[in-house]
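Take a look at the two chains below. Then follow the report from records to contacts to helix packing.

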Amino acid sequence: MSALLELDGVVKRFPVRDALGRRAGAVHAVDGVSLSVAQGETLAIVGESGCGKSTLGRLMMNLITPDAGSVRFAGEDLVRLSPAAMRARRRDMQLIFQDPFASLDPRMTVEQAVAEPLRLHRIVPRGEERARVADLLSRVGLRPELARRWPHEFSGGQRQRIAIARALASQPRLIVGDEPVSALDVSVQAQVVNLLSDLIRDLGLTFVLISHDLGVVRHVADRVAVMYLGRIVEQGPAEEVLTAPKHPYTRALLAAVPGHGVKAPPIEGDVPSPIAPPPGCRFHTRCPFAEAQCRIIQPELTGAPHAVACLLDGRLPPVRPRPERLAGGERLRRLQSFFRAPAPPTGAQP
Amino acid sequence: MSTTAAIAAPESPTRRAIRRFLRHRLAVFGLVIVVAFVLVAILAPVIAPYDPLQTSWARIRKPPSELHWFGTDENGRDVLSRVIWGARASLMAGVVSVLGALCIGVPLGLLAGLAGGWTDAVISRVADAMLSVPFLILAIALAAFLGPALENAMLAIAITASPVFVRLSRGMALDAKSTDWIEAARALGNPAWRTAFVHVLPNIVPPLLVQASLAIAEAIIAEAALSFLGLGQQPPNPSWGSMLNSSQRFLTQAPWLSIFPGLTIMVVVLAFNLMGDGLRDALDPRADKT
């Protein structure tokens, strides 16, 4: 497997201006990220909101230009392409947005929206457009008769299906999904996730999933990269990262997922401001294991295939599984007794 | 979420706006008057009872009568016929100059809003500078500079009215620029000009339409003012403004010379304003969906 997308030392800062319009600093949205996505692989990028995931996604699509570093798609540095060459390249890379209520042009029918990439990249002759749109719509589980309707007539899940059909229209090799289901109702999320992962598999696409939902990530990802304050702190095969996390942050993230078999000390406090990220390891302000050196030395991402950026790697206590997994019936009984008001008569205190 | 939600007959945004506009009585009234005047202007040769340029020494400044409903002017010409023919100049001036203002202002506004930076700064400051001069003064100055003719008056009004459209389309383009669907358009591979005209423009048509219908009213007044000052329609051709100009000397002896063209201007301007208000309500995205 060769790398389809390679990021090398990518940095993106957004200037912050004070009330008078003077530069008062910069948000370090993405600060030196290197990663590669192999052809046909699904990479998930996880992290809290504000950690730079979405910015990273836009950098991958070259929708924003990095301040430093390179973004290579199929060996070609996107940053150096001419605008026209970049537009032609966009055929091979498509983005699915988080909010399906905002990502469709309100004045374009479904048919016009899905046909637009066909037309822009001359995928099919004009006469076959309609048939291709119908084909794409049925692929994402929408009836082709809906092609002449407007976006406002659809629900969130349906709109996201339309956005997926639009992304598939140009026959891309890479799809970046920026939280593609997190704006949807939970009941619809599973359908859309399944649809996406089926399509990715059937079409052999390379997929970068940006998400904070570890349940979704576990379901579709081959590899996982964990981001914290603009940097990747851990990355590796999904199975390993999600069951045997090495970084204290990843552990805490996993421990926060109900029902997940990882127990770790909870992290406290808020994410530090990305305008003035802490020196040394960025996580040291919240890390339960932090030592003096963590405040000074910035750890590099080391190890393969499971890499971690932590000075304490190897010295941390092993990940403990949760103490007990209750049988289904017992768990339900405990929950019921917990919520029964005012106090359970049996006196069983969960 | 089910598909049944979308089964009802599809209604395009345009159709919905038309339906809502038609429920607005005053706006429809305005539209009817506007359409009536457009028909009058087009059919002027058929419906005008007399030749608007035909002078007659026998009928100088006659008050309204059965033969001459609006009376006759100082050269014995039929005022009704001149008002009818004058509709051509006035409506033309209104529509053409606003179309011109749209053609100048909208692309510049889109460019300023979407490109940002220096382009935006230069375009916006020029527009602001023009807006800081009173509309009529600027139009008069430009028309005087271009020379007295109806075409030059229209051009002057078009240029003077364009900064409003620059500002409006720039603001709307800025709004649109921050939306996902504009970023999506770029991610799909749209060139910048296509994003501007295929994605941004259709979404900002409603406020532009409202502004344009109100601007037509303003342009008609401006044309009348320029013609009144002798900078627009040239004699002997009739326009409402130039008729007012020549009638001012007879305000007390022959008031019908100024009353009828004046009333006509008022009615037409009012009609355009009513129509514009109705359009604004009909196109308001925040309005209810009933």
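Which residues of chain A does the UniProt annotation "domain: ABC transporter" cover? According to that unreviewed entry, residues 5-254 of chain A. UniProt positions use the numbering of this report, feature names are shortened, and annotations may be inferred rather than shown by experiment.

This is a predicted model: local features need pLDDT of at least 70, side-chain atom pairs count only at pLDDT 80 or more, and totals for chains, interfaces and linings use all residues. Residues are numbered from 1 along each chain as its sequence is written, while chains are lettered from A and ligands numbered from 1 in the order in which they are written.

For chain B, the unreviewed UniProt entry marks "transmembrane region" at residues 26-48, 91-114, 126-146 and 256-275. Here are some annotated spans. Helices (H or I, at least four residues) and strands (E, at least two) are DSSP runs, numbered from the N terminus.

| Span | End C-alpha distance | Helix | Strand |
|---|---|---|---|
| 5-254, chain A | 27 Å | 36% | 28% |
| 91-114, chain B | 33 Å | 100% | 0% |
| 126-146, chain B | 20 Å | 90% | 0% |

Now the contact between chains. Residues are in contact if their C-beta atoms, placed from the backbone, lie within 7 Å. Chain A brings 30 residues and chain B 21 residues. On chain A, β6 (93-96) and α3 (110-120) each supply at least two residues. α3(A) gives the most, with three residues.

Within chain B, helices α5 (residues 117-132) and α7 (residues 150-177) also pack. Their axes (lines fitted to C-alpha atoms over the stretch in contact) come within 9 Å and cross at roughly 135°. Angles run from 0 to 180 degrees between N-to-C directions. α5(B) is therefore oblique to α7(B): under 35 degrees counts as roughly parallel, over 145 as roughly antiparallel, 65 to 115 as roughly perpendicular, and the rest as oblique. From α5(B), the contact includes I123(B) and S124(B); from α7(B), it includes P163(B) and R167(B).

Terms used:
Contact = placed C-beta atoms within 7 Å.
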